[in-house]
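Visitor: I have a model open and would like to walk through it. Can you take my questions as they come?

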Amino acid sequence: MVITELYIRSFGKFKERHFYLRNGVQVISGENEFGKTTLHAFIRAMLFGLERGRGRAAATDDFSRYEPWEDPAHYAGVMRFMCGNKNFRLERNFARSMKQAYLVCEDDGEELSVGDGDLEMLLGGIRPGLFDSTVSVGQLRSEPGTDLAEALENHAANYYETGGGEFDLSTAMKILKEKKKETARELREEESACSAERERLLQECRYLERDMQRLSEEADDIKGVESYLTERERTLCKPLLAGGTAALIPGLSGLLWCFLRGWQTGDGGYLFPAAGAGILAAAGLAILVIGIKKRSAGRARQEQEISEACRRREWELERIRQEYREKEILREDRKEQYEETGKSDRTIRLEKRYHALELAEERMHKAAEETGARTAQAVDERASEIFSAITGGRYTKIDTERGRQITVWDGTRRIPAYRLSRGTLEQIWFSMRMASADVLLEESLPLLLDDVFAFYDDKRLESVLKWLSIQKKQVIIFTCHKREEKLLNSLQK
């Protein structure tokens, strides 16, 4: 692939600007704030698009950084390039409300689809991460708290872990971790739901047992109920019986005394007292008969009430026994459910899914390490060739074996990277990036070198420019110095 033209309609500080490029090595130089980094970012944005960040990141991402303030609707540009002996025109509009991409082959007018992956196919399937770690090269920089040698070793270790970007391991692992996290959350929720269900069943069993106890006590109370005569009946019958007896006994006694006395004396003068005693006896008998009838009627009512009470009691006891049996059956059912709620089918499925994700994560790491080791060996071999060429044969080999410090071989001894100068470390960095591009990329892409040679002396710079000049690829050097252009012109004469 060779970029032939860049037209920036509006991107960062550039507006309505054309840049014409050629194959081979070329230099774009300018003072600080000239826009070299902006042009570099524009090329990347044209190849891979420009996504807007989310949340707080949106305020400092590249989209916001290069978005035009005055006319954001014209946030767009065009790139012309050659690929496979054909000429293509790529147009992109980065504006928020007008985001689109258009790709056409200018030789035959065939319109291609960026969304369907046609541009990615032309680029050899390269991803933005791999692009940034191979052909888009900047200075070797270290994180705060580390030195350059350690930063270089960290970069080299990446090849053992991911094959230098052949696998997008970080993204894949991120997806796996998110799925594991989501599965773990669902598993916790399911276990919590099962626990809540078990507690509910246990509580329901307690309620049922309490109701059964209440029913049992209620049955005992009903069994002890008896019917008695009402207090009114007792108070009514008792005076009648007592009065009747009190009248009958004296009346009979008087009648008997008059009869015997009259019979002994033969005197009829006892006839009147006998009649009075008879009347008294008759009245007492009548009262006694009434009392007995009252008492008999009371006993009949009592027996009827007892019979009705017994029927009500038996009906109530049957209702209680039926309700007791229903609650007992329900309690046993809840106990069975409680014993069976140890793990639900969904819990078992979630546990299997979580273990499968763990296994996938482990195997992905292992596969990436194995592939990374093979890739690292190929990168080491190619990097050693490049390093030897740009150092004039002073160093013949770079060794980045995993778990050890980076060392270089000068034909006599192995020298640890931390003992090398900044310029030599930059050369190792450059060699590894160039080797990565050769080993990992399917298609030859333009090489973008952004301020890479700031720490090179003239001898080192001349050597690396000579090596770049004989490579059959497009090289674009962004720099704030003029010496790269001067040395390159001298080499091309």
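Guide: We can start with the overall make-up and then go to single elements and residues. Note that this is a predicted model.

Visitor: How many helices and strands does the protein have?

Guide: The secondary structure comes to twelve helices and 13 strands. The protein has 493 residues, of which 41% count as buried.

Visitor: And what share of the contacts join residues at least 24 apart?

Guide: Among contacts between residues at least 6 apart in sequence, the share is 69%.

Visitor: Let's do the sheet. In what order do the four strands come?

Guide: The order is 3-13-12-8, in an open sheet with parallel pairing. Strand 3 (25-29) and strand 8 (136-137) are at the edges with a single partner strand each, so one side of each has no neighbour in the sheet.

Visitor: How many bridges join strand 12 to strand 13?

Guide: Four bridges link strand 12, residues 447-450, with strand 13, residues 475-479, and the two run parallel. Within that pair, D450 stands opposite F478 of strand 13.

Visitor: Which strands does helix 1 touch?

Guide: Helix 1 (residues 36-48) packs on the sheet and touches strand 3, strand 8, strand 12 and strand 13. The direction of helix 1 makes about 150° with that of strand 13. Helix 12 (residues 483-492) also packs on the sheet, where it touches strand 3 and strand 13. The angle between the directions of helix 12 and strand 3 is about 155°.

Visitor: Right after strand 12, what is the phi of D451?

Guide: Phi of D451 is near 55°, a positive value in a residue other than glycine. Most residues other than glycine have a negative phi. D451 is in the loop between strand 12 and helix 11. With a relative accessible area of 22%, D451 is partly exposed, since the cut-off for buried is under 20%.

Visitor: What about E16, where is that?

Guide: E16 lies in strand 2 (residues 14-20). E16 is not a glycine either, and has a positive phi of about 55°. Its relative accessible area is 45%, so E16 is partly exposed.

Visitor: Back to helix 11. What span should its twelve residues have?

Guide: At 1.5 Å a residue, helix 11 (residues 458-469) should span 16 Å. Its end C-alpha atoms are 16 Å apart, so the two agree.

Visitor: Which residues of helix 11 are buried?

Guide: They are R460, L461, S463, V464, L465, W467 and L468. As background, an α-helix has 3.6 residues a turn, so residues three or four places apart point the same way.

Visitor: Next, helix 10. How many of its residues are buried?

Guide: Of the 19 residues of helix 10, 16 are buried, and the helix is mostly covered. From first C-alpha to last, helix 10 reaches 27 Å, close to the 27 Å expected at 1.5 Å a residue.

Visitor: I was looking at W429. Is W429 buried or exposed?

Guide: Buried, because W429 has 9% relative accessibility. W429 is in helix 10, which covers residues 422-440. W429 and G138 are 291 residues apart in sequence, with 9.6 Å between their C-alpha atoms.

Visitor: Another one, then. Where is L112?

Guide: L112 is in strand 7 (residues 111-112). L112 counts as buried, at 17% relative accessibility.

Visitor: What does L112 touch, leaving out residues up to four places away in sequence?

Guide: L112 touches F88, L103, V104, D118 and L122. As for F88, it is 24 residues from L112 in sequence and 9.7 Å from L112 in space, C-alpha to C-alpha.

Visitor: And what is S10 in contact with, beyond its neighbours within four places in sequence?

Guide: S10 is in contact with K15, P68, H74, Y75 and A76. S10 is in strand 1 (residues 2-11) and counts as buried because its relative accessibility is 3%.

Visitor: Last topic. How many cavities of 30 Å³ or more does the structure hold?

Guide: The structure holds one. The largest cavity has a volume of about 40 Å³.

Visitor: Which residues line the largest cavity?

Guide: The lining consists of I3, I43, L47, L123, F131, L445, P446 and L448.

How values were computed. Residues numbered from 1 in each chain as written. Predicted model: local features only at pLDDT ≥ 70, side-chain atom pairs only at ≥ 80, totals over all residues. Heavy atoms only, no water. Pairing = 2+ DSSP bridges. Contact = heavy atoms within 4.5 Å. Axes fitted to C-alpha atoms, helices over the stretch in contact; angles between N-to-C directions. Expected span 1.5 Å × (residues − 1). Buried < 20%, exposed > 50% of the residue type's maximum accessible area, 1.4 Å probe, protein only. 1 Å grid on protein atoms, 1.4 Å probe; cavity = no way out; pocket = protein on both sides within 12 Å on 5 of 7 lines; lining within 4 Å. Points joined across faces, edges and corners; volume = space filled by probe spheres on them.
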